[in-house]
Amino acid sequence: MSSEQDFRIAVLGGGAAGFFAAIRCKEMHPHADVVLVEATGKLLSKVKVSGGGRCNVTTAAPDRQFLLQGYPRGSRQLKGLFHRFDNHDAMDWFESKGVELYTQEDGRVFPISDNSQTIVDLLIDQARECGVQIKSRTRVSALEQSGSSSWTLQTGSTPIIADKVIICIGGSPKRSGLEWLETLGHDIVDPVPSLFTFNMPGNPITELTGLSVPSAMVSLIGTKLHSSGPLLITHWGMSGPAILKMSALAARELADMEYTFEIRIRWCGDKPEEHLRSVITETMRSSGGKQMYSYTPFEIPKRLWSFLLGKCDFRSDHHWSDLGKKGINKLVDMLMNDTYNVQGKTTFKEEFVTCGGISLQSVNMKTMESKTAPGIYFAGEVLDIDGITGGYNFQAAWTTAYVAGELAS
Ligand SMILES: Cc1cc2nc3c(=O)[nH]c(=O)nc-3n(C[C@H](O)[C@H](O)[C@H](O)COP(=O)(O)OP(=O)(O)OC[C@H]3O[C@@H](n4cnc5c(N)ncnc54)[C@H](O)[C@@H]3O)c2cc1C
């Protein structure tokens, strides 16, 4: 670590990771000259629109094991990094800077203002207060080693010289956006989108738009992948946490299938078959005189229940006592193995991310320093790390930026 006044760290990218890294650099090394370089005229633009304008800053995941399950890519490498700065450290950091947070029932953490501007203002104020120099409308297009231990950043105007560089340029939808980093020896994992909803054009279930079930299980047919959680029916197909989680778990497989695939839904989540059978038998015994269409013992909205019974070809005046062995099997099969064709995806407006980016093989994941270009560090979504919805993506940005900022200075 240098203590000289002119030691210069350039942070590329004015998003969540860039700001957090720059602030950490200054905290660790107040005399360093830290410059944050942002390509556009807007700072923290994703933070601003995040979480539907409320900014889901992190997750309240109770322990590291639970937290790591939120990362289809990068969980192994994040394990060590979370020892240095995890979701609870992030919550403490925001609260120590005066931003009160609250946790929703589903574990998502938001500022109490319910306004992402609170987080934008905090990060900009913190960076300015500790002396980070912010240079916006400056796109870095290349990095060249100048001398044995410094880098020249090509910007289209005056180049910037820095001793260390932290790259926080976010996810790139196309591989070509990362080619200038590939030339420095970094492997690129082809980017594909993650966190999207499923299109089911023409499927009658879309007429039930707005209905949701609290706990469904979704499986991708032909794979072992499955996800659980609330499921929402939309006018174009299906959404909700169970679907978004599947889109993240299977981001690469679904891209390979060109977004045409089949899913299986278990409408009662992970409830085993025996449980469903015993609930059905008990209902036949205790409520045999009730019409099936007007009474369900399951946590399924009435209109969806009627839709599923219709798919089973049960008559509209079918009573529970009429069910019989064949009927029980049909109903159990419908509740456990209901299949749908998916044709296409729709971007989820509240949160989407890129799967892929700088390969974690090219980075020392203890320090975030490049293995091929000494003095270059990475943090945030530019890396091949991404999470499910619920604050996991910002958490990956805070954690990687904290470590990169600390160790680059
Ligand atoms: C609509 C939406 C809502 C979201 N909501 C949530 C949420 O509530 N919770 C959550 O956890 N995650 C959320 N996410 C994901 C989260 O926003 C990202 O994972 C996170 O912002 C990544 O931060 P980053 O700093 O790595 O990248 P970014 O936020 O993308 O920032 C990168 C910055 O680098 C700049 N840049 C790019 N190239 C260059 C260059 N060559 N030179 C200089 N600057 C450059 C870009 O202009 C950009 O400002 C959401 C994403 C979207 C799109």
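Helix 8 has a run of buried residues, namely Pro-241, Ala-242, Ile-243, Leu-244, Lys-245, Met-246, Ser-247, Ala-248 and Leu-249. Put as a tally, 9 of the 9 residues in this helix (241-249) are buried, so the element is mostly covered, given that a residue counts as buried once 20 or more other C-beta atoms lie within 10 Å of its own. What do these residues pack against? The partners of the buried residues are strand 11 (188-194), strand 12 (196-199), strand 13 (212-220), strand 14 (226-233), strand 15 (237-239) and helix 9 (251-256). All this is read from a predicted model.

Stepping back to the whole protein, the secondary structure adds up to 13 helices and 22 strands. The C-alpha trace spans about 85 × 40 × 35 Å along its principal axes. Of the 409 residues, 42% are buried. As for how the chain folds back on itself, take the contacts between residues at least 6 apart in sequence: 74% of them join residues at least 24 apart.

The domain assignment splits the protein in two, with domain 1 made of 8-192 + 351-408 and domain 2 covering 196-347. Between the C-alpha centres of domain 1 and domain 2 there are 39 Å. Where the two meet, 7 residues of domain 1 are in contact with 10 residues of domain 2. On the domain 1 side, the touching residues sort into 5 nonpolar, 1 polar and 1 charged.

Next comes the ligand. It has 34 residues around it, and the closest are Gly-13, Gly-15, Gly-51, Gly-170 and Gly-380. Helix 1 (16-28), helix 2 (45-53) and helix 13 are the elements that give two or more residues to this shell. Which of the elements supplies the largest share? That is helix 2, with 5 residues of the shell. By class, the shell holds 15 nonpolar, 13 polar and 6 charged residues.

Helix 13 also turns up in a helix pair. Its axis (residues 392-408) and the axis of helix 4 (residues 75-84) come within 10 Å and cross at roughly 70 degrees. Angles of 65 to 115 degrees count as roughly perpendicular, and therefore helix 4 is described as roughly perpendicular to helix 13. On the helix 4 side of the contact are Leu-78, Leu-81, Phe-82 and Arg-84, while helix 13 brings Ala-396, Thr-399, Thr-400, Tyr-402 and Val-403. Taken together, the contact of helix 4 with helix 13 has 6 nonpolar, 2 polar and 1 charged residues.

A few single residues are worth a look too, starting with Ala-162. This residue sits in strand 9 (residues 160-162). Is Ala-162 buried or exposed? Ala-162 is buried, because 26 other C-beta atoms lie within 10 Å. Leaving out residues up to four places away in sequence, Ala-162 touches Arg-8, Ile-9, Ala-10, Ser-150, Trp-151 and Leu-153. Gln-145 is 17 residues from Ala-162 along the chain, and their C-alpha atoms are separated by 9.7 Å.

Thr-367 belongs to the loop between strand 20 (363-364) and strand 21 (369-370). Having 14 C-beta neighbours inside 10 Å, Thr-367 counts as partly exposed. A distance of 29 Å separates the C-alpha atoms of Thr-367 and Gly-107, which are 260 residues apart along the chain.

Two loop residues have backbone angles to flag. Arg-137 is not a glycine, yet its phi is positive, at about 50 degrees. Arg-137 is placed in the loop between strand 6 (133-135) and strand 7 (142-146). With 13 C-beta neighbours inside 10 Å, Arg-137 is classed as partly exposed. Asp-313, again not a glycine, has a positive phi of about 65 degrees. The loop holding Asp-313 runs between helix 11 (302-311) and helix 12 (324-336). Why does Asp-313 count as exposed? Asp-313 does so because it has 9 C-beta neighbours inside 10 Å, and 12 or fewer is the cut-off for exposed.

Definitions and conventions:
Residues are numbered from 1 along each chain as its sequence is written. This is a predicted model: local features need pLDDT of at least 70, side-chain atom pairs count only at pLDDT 80 or more; totals for chains, interfaces and linings use all residues. Axes are lines fitted to C-alpha atoms, for helices over the stretch in contact, and angles run from 0 to 180 degrees between N-to-C directions. Helices (H or I, at least four residues) and strands (E, at least two) are DSSP runs, numbered from the N terminus. Angles under 35 degrees count as roughly parallel, over 145 as roughly antiparallel, 65 to 115 as roughly perpendicular and the rest as oblique. Ala, Val, Leu, Ile, Met, Phe, Trp, Tyr, Cys and Pro count as nonpolar, Asp, Glu, Lys and Arg as charged, and the others, Gly among them, as polar. A residue is near a molecule or strand if its C-beta atom, placed from the backbone, lies within 6 Å of it. Domain bounds come from an automatic or database domain assignment.
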